[in-house]
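Q: I'm new to this one and would like to learn how to read it feature by feature. Could we go through it together?

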Amino acid sequence: MEGLSAEVVVFFFLAGVAVVGACGVAFATHIVYSALSLMLSFLGVAGLYVMLDADFVAGVQLLVYVGGVVVLTLFAVMLTQGIRDVKVSNRSAGRGFGLLTVVAVFALLWRSFQAAQWHRPVEYLAAESSTAAVGNALLGRYVLPFEVASLVLLAVLVGAVVLTRKETAESE
Amino acid sequence: MLEFLNGLAAANPEVPGVLLRVAGMLAFGALVVFVFILPVAGITSWVERRVWARIQSRIGPNRVGPGGFLQWLADGLKNLLKEDVIPQAVDEPLFRIAPYLVVAGFVAAFVAIPFGGSLIIADLNIGILYITAITSLVVVGILMAGWSSNNKWSMLGGIRSATQIISYEIPLGLTIFPVVLVSGTLSTQGITAAQGWAPHTWHMFHNPFLLVSFLLFFVCALAEGNRTPFDLPEAESELVAGFATEYSGMRSLLFFLAEWGNLYVIGALVATLFMGGWQVPRFTDDPTLLAVAQFFTIFLKAYFWVFVAMWVRATLPRIRIDQLMALCWKYLVPMALLNTLGTAFFMVLFPEGSLVVRIALVAVVLAIIFVFARRVRFHLARARGLGYGAV
């Protein structure tokens, strides 16, 4: 498939959505707008996952990032009083450190670009569900990292409970 | 649907197959939105007001058309012609977008909801996961509406809604797990195909845990749909109209459209996951007739649960926010987890399922319905006349 095929158009549309969303997160002056741009970016990335035939990952992306992260961010913003009046005035602070981060990330991305195998033959696997493969991999080859990850999550949960409990005990 | 599209692609080899397929899906999606979702959501509003009125010994809307049937069209027209008021202090872009996000979230769920053996917009491999994921857009829309309105009632409504939906999403997902375990797929068509038309082959009667899961699912779905007894986000007596307070005209109606349409989504999900979906006995070889029968089967099953939701709304009081949270985290989540474990154990014990258990469960449910019906008859016989109808 040479030239402007349907896939290319869809890809650039989705990538554009993701990039515009990411820019919105960085440049929006209001934190609510930042959070909503983040959602746009996540939606674009979910679309890219669908294009890669990773339908399960796309669904989880929607469920966890849009349904969880963005909603919780908005939730926290709304519960915080007076956040509407916060004006970000120091937008140029930390330039040196920012530049360093950008260079480091760019170098990493460039290395990944170099290492990736492009021009793979296109195989259509859309009829195959990726769910079974993901499940088998998680409970087979990657069972240890999977369990460790769940342990980390449990620790985070317990930590969150401990932190919030302490706060209420002090205030009383 | 897919066969038809493949045939179309074969007939027109010069057009890329992907494009044809996408165009076909979009056309079918638009058809579903205009011919099915909008009228069903509208008519549900009329049915709800009539059912509600009947239960509360009132009359309800009965002036426009036969029995007031055209009330929904009149209301829609009225709201379309109303001024679109945008208050000065609102955050205008977000205020304008919010209703669309809510509607988009609920309409997008219809992509994976089956209407029949071949009637589905797209039979996604991750169908049920997709539906639970895409409905997060509704939460974002509601939060957006609540925040951008710049009004305390709206804000409180939005926060309550977010708390409620993100909490109840967890037991909702966990009650779907056992169904996925039993049918071995996430696709809505696959889940339906794993059941038969006869009640004892439905997933809800597969084992005792699934029967409990089915009840939990309905409760959680009501909470996710912001329905009474979980309609705290728009509790009229406390929050004016909650997140919809500042909205007027069509924008306000869009929120209600999403709520009524969402009722059908709940019903269709209950029918698909637990009650055999569109499965009908193979009484004819005519595919058209079979498709019509399948459509009406799932429609009636879904609408039965829509009716139950209306019934619940008319009879139960609203619960408090702390009760809401306690119910979710202390009761529903542990019960849903136990159900998942129990179903897994049951499947280890009976890998093929057990006909005895299935029939026993059907008998138990029939017995409960029988006792309930007798009690209702007993109370109706002793009820005083209310001067309305024959009750």
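Q: Let's begin with aromatic pairs. How many are there over all chains?
A: A pair of aromatic rings is described by the distance of the centres and the angle of the planes. Keep in mind that this is a predicted model. Over all chains, the count comes to 29 aromatic pairs. Take Phe304(B) and Trp305(B): their ring centres are 5.1 Å apart, with 80° between the planes, which makes the pair edge-to-face.

Q: Are Phe304(B) and Trp305(B) buried or exposed?
A: For this you look at relative accessible area, where buried means under 20% and exposed means over 50%. Phe304(B) has 43%, so it counts as partly exposed. Trp305(B) has 12%, so that residue is buried.

Q: What about the rings of Trp311(B) and Phe372(B)?
A: Here the centres lie 6.2 Å apart and the planes meet at 55°, so this pair is tilted. It also links distant parts of the chain: Trp311(B) sits in helix α12 (residues 287-315) of chain B and Phe372(B) in helix α14 (residues 355-382) of chain B, 61 residues apart. Trp311(B) is partly exposed at 33% relative accessibility, and Phe372(B) is partly exposed too, at 45%.

Q: Which residues form one aromatic cluster?
A: Phe36(B), Phe106(B), Phe110(B), Phe115(B), Tyr264(B), Phe295(B), Phe296(B), Phe299(B) and Tyr303(B) do. Let's stay with Phe36(B) for a moment. Leaving out residues up to four places away in sequence, Phe36(B) touches Leu31(B), Phe110(B), Phe115(B), Tyr264(B), Phe295(B) and Phe299(B).

Q: How do I read a nonpolar core, and which residues have the most contacts inside the largest one?
A: In soluble globular proteins, nonpolar side chains tend to be buried together. In this model the largest nonpolar core has 117 residues, and the ones with the most contacts inside it are Phe36(B), Val140(B), Phe217(B), Tyr264(B) and Phe274(B). The helix that gives the most to this core is α11(B), with 14 residues.

Q: Now a charged residue: is Glu48(B) buried or exposed?
A: Its relative accessible area is 3%, so Glu48(B) is buried. You'll find Glu48(B) in helix α2 (residues 17-55) of chain B. Not counting residues up to four places away in sequence, Glu48(B) touches Arg227(B), Trp260(B), Met310(B) and Arg313(B).

Q: Next, empty space. How many cavities of 30 Å³ or more does the structure hold?
A: There is one, and about 380 Å³ of space lies in it. It is lined by 27 residues, and the closest to its centre are Thr135(B), Val138(B), Glu224(B), Gly225(B) and Asn262(B). Among the helices of chain B that each supply at least two lining residues are α4 (92-109), α6 (136-148) and α9 (208-224). The most comes from α11(B), with eight residues. Sorted by class, the lining has 19 nonpolar, five polar and three charged residues.

Q: And the second largest pocket: what is its volume, and which residues lie nearest its centre?
A: Its volume is about 2400 Å³. Of its 47 lining residues, Val60(A), Leu63(A), Val64(A), Leu174(B) and Phe177(B) lie nearest the centre. Elements giving two or more residues to this lining come from chain A, including α3 (55-79) and α6 (143-171), and from chain B, including α13 (321-349). The largest share, 11 residues, comes from α7(B). By class, the pocket lining divides into 31 nonpolar, 14 polar and two charged residues.

Conventions: Residues numbered from 1 in each chain as written. Chains lettered and ligands numbered in written order. Predicted model: local features only at pLDDT ≥ 70, side-chain atom pairs only at ≥ 80, totals over all residues. Heavy atoms only, no water. 1 Å grid on protein atoms, 1.4 Å probe; cavity = no way out; pocket = protein on both sides within 12 Å on 5 of 7 lines; lining within 4 Å. Points joined across faces, edges and corners; volume = space filled by probe spheres on them. Helix = DSSP H or I, 4+ residues; strand = E, 2+ residues; numbered from the N terminus. Nonpolar A, V, L, I, M, F, W, Y, C, P; charged D, E, K, R; others polar. Core = buried A, V, L, I, M, F, W, Y, C linked by side-chain atoms within 4.5 Å. Buried < 20%, exposed > 50% of the residue type's maximum accessible area, 1.4 Å probe, protein only. Contact = heavy atoms within 4.5 Å. Phe/Tyr/Trp six-rings, centres within 6.5 Å; stacked < 30°, edge-to-face > 60°.
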